[in-house]
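Subject: Structure handover

Dear colleague,

Please find the structure below, followed by notes on what was found in it.

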Amino acid sequence: QHRASYLLRPVTMNYPFLKWMTGLRSNTEEPKLLRYLLNNIRIGQWEVARGCIQLLHQRDRGTLREVLRAIIANPRASACVGSLSIPTHHHLAWLCYLEYARLFTDAEDALPPRLIKHIEFALLLLQHYHGTDPTFQEVEEFHMCLLANSEDATQLSAAAQDSLVHLLTEKPLLGTVVCERLLQAGPPRCTMPLRLRLIEAQIAAATQQVSLLIQQQQQSPSQQSLQQQQQQ
């Protein structure tokens, strides 16, 4: 089972689509349509898969509900090879969530908010990191553990914290959103070291800006004019 599966508890993990992938018999009334749906997801043909979702919703709503919930919680189990329409497993989870939210609107069908928050967070990280980047994997898992209040929520490594500081400096808007999501995901005892590291980085950046302003004020007008010309 995927490490994110506990974000979807108490939903069962005995899903029909997992039976298909392991060669076991499925009890769905539409085995061919289900298999066609999963095959298109596997090869990254999202538009075709989306059409299958719509058709399966009309013919076997219960099976589709379980299939989509399973993929959202454990997108890697789909064995999707990736494509332009489904770049990563995280994008697959998000696309399936959009379809699920559109088709299943009853209160009892609602997914746990923490699961959706984690999918959104992973997509934010992918705007800066590659999915195979060790920092991405560490920060993603840390966020997941914070949401689940897991005892596995150990502190981020110094390298991961430095990477987030670099993100905050290089892409302030994205970095701020990522860091805020992390700090809000878990209790202060788990996020305090990261919070302190970010505060130190902000103080250092502010100090550097003040030093540059003082240096500019101390320069003669001719030096300032020459510097501006060099910058242009």
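How many residues does helix α2 have, and what does it reach from its first C-alpha to its last? Helix α2 (residues 31-42; helices are DSSP runs of H or I of at least four residues, numbered from the N terminus) has 12 residues and reaches 16 Å, close to the 16 Å expected at 1.5 Å a residue, where the expected span is 1.5 Å times one less than the number of residues. This is a predicted model, in which local features need pLDDT of at least 70 and side-chain atom pairs count only at pLDDT 80 or more, while totals for chains, interfaces and linings use all residues. Residues are numbered from 1 along each chain as its sequence is written, and side-chain values use heavy atoms, with hydrogens and water left out.

Within α2, the residues L33, L34, L37, L38, N40 and I41 are buried (under 20% relative accessible area, with a 1.4 Å probe and protein chains only). Seen down the axis of α2, these buried residues fall within an arc of 160°, so they line one face of the helix; the arc is that of the directions from the helix axis to the C-beta atoms. Just after α2, G44 takes a positive phi of about 80°.

Turning to another helix, E99 is found in α5 (residues 89-103) and is buried, with a relative accessible area of 5%. Not counting residues up to four places away in sequence, E99 touches W46, R50 and I53, contact meaning heavy atoms within 4.5 Å.

Best regards

Technical notes: Helices (H or I, at least four residues) and strands (E, at least two) are DSSP runs, numbered from the N terminus. Buried means under 20% relative accessible area, exposed over 50%, partly exposed in between (1.4 Å probe, protein chains only).
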